[in-house]
Amino acid sequence: MNHNSEPGHEVKLNFFTKYVFSQDHKMIGIQFLFSGLIFFGIGGLLALMVRLQLAWPDGNIPYLGKWFPVSWGGKMSPEFYTMLFTMHASIMIFFVIIPWLTGAFGNFVIPLMIGAGDMAFPKLNMLSYWVMWPAFITIMASFFVDGGAASSGWTAYPTLSNVGADAGIQKTELKSNDIKSNEPNSTYSIFKEDSFNSPSSPGAGMGQIFWLVSLFLVGIGSMMGSVNYITTILNMRAPGMTLLRMPLTVWSLFITAILQALALPVLTVALMLQLLDKLIATTFFLPPGGLSFGNWHTSPGGGQPLLWQHLFWFYSHPAVYIMILPAMGVVSDIISTFSRKPMFGYKPMVFSMSAIAALGFIVWGHHMFQSGMDPRLGTGFMLATILIAVPSAIKTFNWLATLWGSSIHYTTAMLNALGFVSMFVIGGLSGIFMAATPVDVYFHDTYFIVAHIHYVLFMSSIFGIFAGITYWFPKMFGRLMNETIGKTHFALTFIFGNLTFFPMHILGIGGHPRRYYDPTIYQYLENLQPLNQFMTITAFLLGLTQLLFVFNIFYSVWFGPKAGKNPWNSNTLEWDTPSPPPHGNFLSTPIVSRGPYEYAIEGNLDHLTQSSPPLEDIK
Amino acid sequence: MQRCWSLLFAAVNLSAIGLFAIAPAMGWWLPHNIASYGADVDRLFYIILIATGFFFVVTQSALSYFMFRFCAQEGVKAKNIHGHFGLELLWTAVPFAILVYIGFAQIPTWAKMKYIEIETWFPITYNGKNLDPDLHITVLGRQWEWRMRYPQKNIPADPLAWADLGNLQDLHLVNELHAWKDAKVRIHLKTQDVIHSFFLPNLRLKQDALPGKIMPVWFQPIEANVRYNTNTKTLEELNSSPWEIACAELCGGRHYRMRGKLFVHESKQDYERWFADSILKQRLHNSPPTQETLAAGIGVRQ
């Protein structure tokens with residue numbers, strides 16, 4: 001037993017051991033929260049620049065155009081644009097949503113909710129955060145390297161991403177051949193054979209190497225975290241806290257940790273293989289015949305570009321559930337608390353989350369229906385994918401049934417949780433279109449996918465995160481967040497978010513491909529352009545709205561009203577200790593005698609906390 | 001006052017439905033279909049749209065109504081309900097049945113699009129052997145254009161060898177795909193550098209070109225959009241909006257520039273007339289004019 005789990009144990013801490021190199025899970029959670037907040041801002045700004053280009057591809061941007069550097073000619077270059085959306089997605093996924101859900105919530109709430117003094121491995125926990133810092137620095141530094149940051153999409157498909165200069169040679173004798181027009185090198189004058197530059201695109205050089213290293217580090221950090229969560233949940237639950245008495249948040253984080261522990265090694269290996277392709281000219285993802293970019297040729301490879309897609313999606317599809325399951329758990333707890341009603345089906349919720357996670361491992365091929373994978377495999381992947389809608393439907397109906405006959409208190413946390421439910425329905429239903437193979441032929445890589453991913457990751461996961469932050473803020477800082485600002489922020493985010501992302505479905509139905517620098521050169525996309533401009537304006541309003549949230553956090557840390565031990569009259573164990581909890585969390589180890597959702601008890605009782613003695617003893 | 005939140009949810013979801021309702025009228029909808037299997041794809045799209053639309057309306061109305069109806073009131077306590085097995089069974093079985101139907105409904109069309117031969121052990125009777133192509137074309141993607149190669153005879157003796165190596169008599173074009181109405185066109189899709197994706201919205205067709213592989217693609221246009229004028233040696237487009245080719249897989253900075261056009265001639269004879277003149281034009285471009293080309297009036301500066 002480590003010293004941290006001893007309740008009430010006095011530990012002398014200085015500034016560094018308390019706030020910086022902290023081994024306290026609560027401080028590590030808060031560290032993840034704030035670093036995620038910084039990257040949320042950076043990722044958001046990148047998205048807004050993407051939107052600017054899409055709305056006014058000719059560069060005549062109202063008001064803002066004159067602020068662009070003169071050297072850009074008042075507009076951005078296509079290579080810069082591809083870098084923007086690549087880094088937007090990479091940062092939002094790997095530095096915001098996953099760290100917020102598993103890093104911030106996972107660290108902060110798991111020990112508190114299961115009645116443990118700390119994580120099983122506090123030092124490993126500290127390391128899982130501090131390994132993120134080299135990743136932060138690498139990803140930020142990549143913006144300033146030769147050729148700019150990574151620009152091969154967040155999926156980094158070879159051979160766009162993996163070909164380095166040392167993988168081939170420039171054959172001058174071919175110059176007289178018919179390959180004259182449109183030479184890639186002409187747009188890319190800094191290409192040198194003896195450097196890490198890539199002939200495929202500027203960002204696929206040093207920027208891609210930095211990107212790979214950074215994600216590699218993030219992966220290591222997440223693996224450390226997941227091992228820690230699994231061990232903690234399995235071994236450190238308070239007496240009486242059986243697995244089926246755990247709050248759904250803990251269940252969701254537990255399942256997520258298992259997903260991470262099983263899927264992340266695959267991504268980590270894939271990243272390393274691509275890094276070797278780039279650094280020492282291995283050919284894991286180069287085809288046997290080699291490639292030619294203009295008059296520059298690679299040596300023959302021995303690998304397969306498709307291998308990367310299989311490895312990448314074998315991680316990244318479970319990662320989609322890593323990015324939504326914890327939000328589902330958080331939302332379930334919040335809905336039960338503020339509707340003052342037990343969760344309708346606790347066990348179906350646990351089983352459906354497990355089913356989503358299990359099915360999540362056999363559906364990765366649905367990202368690859370058009371990739372050149374054997375189309376017969378497509379049918380199997382389609383059927384497995386479509387089945388995931390069943391547990392998702394079970395969850396949605398259970399949330400709705402929880403609301404039936406309840407007594408809803410409209411706090412900011414509850415509103416964000418209800419926003420999650422509403423938006424998850426849209427994100428879930430739009431997924432069925434892409435699961436269906438013939439329909440996906442048309443929708444693949446169009447804005448329909450962009451709409452889907454933003455309904456799942458922004459409109460759902462981020463609402464879940466807003467809900468969770470508002471809900472546990474009093475436990476983190478001992479003060480409540482401002483409800484007026486919080487509700488305004490929710491309403492505006494809900495409105496502007498839908499105005500920004502819903503029309504993307506329509507763009508997709510119109511056949512608008514994603515990742516286009518200038519869609520207006522296509523005649524069939526011409527009359528979709530007003531929608532693009534509309535979405536850009538609302539995206540800026542959506543971005544501005546987020547300042548309210550940031551302000552609310554910093555304002556409330558210092559000036560929010562003091563929160564008591566249990567401001568929401570909630571049942572779970574974290575509300576059974578002072579806000580913020582002391583080092584070691586609980587003054588005495590709680591003893592659990594019931595499940596987490598005992599609301600609306602018969603008689604005069606409103607709720608029964610998990611640690612209060614059995615009902616017979618109270619009577 | 002608190003109940004107003006349900007109105008916000010209802011309003012936002014109603015406007016979402018509204019956008020879908022006005023989109024076709026605004027021209028923000030599926031492009032005109034010209035593929036033989038396109039009607040099947042569109043039908044499957046509408047089946048899913050109806051099914052998801054139904055569940056969208058049911059769940060969002062329930063959410064808004066519950067938010068309105070069950071707002072906290074003084075002295076009203078929530079019901080203590082811990083699940084209901086029958087309901088759980090119902091909302092597992094009904095979506096399951098609908099989803100399995102949706103899933104199996106896709107299989108014949110997918111098989112048709114992707115050359116799969118299927119036995120009749122599913123409720124499916126599709127036989128891919130019927131696909132004897134009328135025309136072979138090789139499409140090579142590169143940064144950032146499509147290079148089309150047409151065989152001298154519509155069906156080469158050994159199509160796969162031809163797709164791999166080519167022939168001296170082939171016609172080479174950039175970003176221009178020619179076929180004729182009702183022709184079964186077999187595309188051999190290649191790339192010389194990165195992954196591209198051959199996307200023709202009007203044909204409901206999309207296929208990635210994979211480095212090191214030759215991907216099989218086929219389509220059959222059911223409408224024509226071009227007429228070859230043998231007197232002026234020019235193509236006359238029959239409708240104002242072209243059927244475009246796009247790239248759908250990120251292939252570098254100029255990804256968006258891989259725009260091509262599909263020309264569907266009215267008949268095989270029309271196509272062959274255009275082909276004969278085009279191959280002459282190509283020969284002329286590579287070598288001095290011959291009696292043959294001069295007689296055909298090709299290569300004479302206008």
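A:Pro580 lies in the loop between α16 (529-559) and α17 (615-618) of chain A, and I start there. Helices and strands here are DSSP runs, H or I over at least four residues for a helix and E over at least two for a strand, numbered from the N terminus. The peptide bond from A:Ser579 to A:Pro580 is cis, with omega near -15°.

Before going on, the conventions. This is a predicted model, in which local features need pLDDT of at least 70 and side-chain atom pairs count only at pLDDT 80 or more, while totals for chains, interfaces and linings use all residues. Residues are numbered from 1 along each chain as its sequence is written, and chains are lettered from A and ligands numbered from 1 in the order in which they are written.

Back to the backbone of chain A. A second cis peptide bond joins A:Pro158 and A:Thr159, with omega about 5°. A:Thr159 is found in the loop between α5 (132-141) and β1 (168-170) of chain A.

Most residues other than glycine have a negative phi, and most peptide bonds are trans. Which value does phi take at A:Ala600? Phi there is near 50°, a positive value in a residue other than glycine. A:Ala600 is found in the loop between α16 and α17 of chain A. A:Ala600 is buried, because it has 20 other C-beta atoms within 10 Å. The scale is this: 20 or more other C-beta atoms within 10 Å of a residue's own make it buried, 12 or fewer make it exposed, and anything in between is partly exposed, with C-beta atoms placed from the backbone.

A:Asp445 also has a positive phi, near 60°, and is not a glycine. A:Asp445 lies in the loop between α13 and α14 (447-477) of chain A. A:Asp445 has 22 C-beta neighbours inside 10 Å and therefore counts as buried.

Next, α15 of chain A. α15(A) has 27 residues and reaches 39 Å from its first C-alpha to its last, close to the 39 Å expected at 1.5 Å a residue; the expected span is 1.5 Å times one less than the number of residues. A kink of about 30° in α15(A) is centred on A:Asn498, the bend being the angle between axes fitted to the seven residues ending at a residue and the seven starting there. Just after α15(A), A:Gly511 takes a positive phi of about 90°.

Now the contact between the chains. It takes 98 residues from chain A and 89 residues from chain B, where two residues are in contact if their C-beta atoms, placed from the backbone, lie within 7 Å. On the side of chain A that touches chain B, the elements that each supply at least two residues include α3 (78-114), α11 (375-403) and α15 (483-509). The largest share, 17 residues, comes from α11(A). That side of chain A divides into 60 nonpolar, 30 polar and eight charged residues. Nonpolar means Ala, Val, Leu, Ile, Met, Phe, Trp, Tyr, Cys and Pro; charged means Asp, Glu, Lys and Arg; the others, Gly among them, are polar.

Chain B has six helices and twelve strands. Buried residues make up 40% of the 302 residues in chain B.

How are the five strands of the open sheet in chain B ordered? The order is β3-β2-β1-β5-β8, with mixed pairing; two strands pair if DSSP finds at least two bridges between them. β3 (171-174) and β8 (215-219) of chain B stand at the edges with a single partner strand each, so one side of each has no neighbour in the sheet. Neighbouring strands of this sheet are turned by 25° against each other on average, direction ignored.

Within that sheet, β1 (residues 135-142) and β2 (residues 145-150) of chain B pair in the antiparallel sense over five bridges, and a hairpin joins β1(B) to β2(B) through two residues. B:Val139 has B:Met148 as its bridge partner in β2(B), and the partner of B:Thr138 is B:Arg149. B:Arg149 also stands opposite B:His172 in β3(B).

In a regular strand the side chains alternate between the two faces of the sheet. Along β2(B), B:Trp146, B:Met148 and B:Tyr150 point to one face and are buried, while B:Glu145, B:Arg147 and B:Arg149 point to the other and are not.

Last, β4 (residues 176-180) of chain B. Four of its five residues are buried. β4(B) pairs with β12 (residues 260-265) of chain B in the parallel sense over five bridges, and B:Trp180 has B:His265 as its bridge partner in β12(B).

Methods. Axes fitted to C-alpha atoms, helices over the stretch in contact; angles between N-to-C directions.
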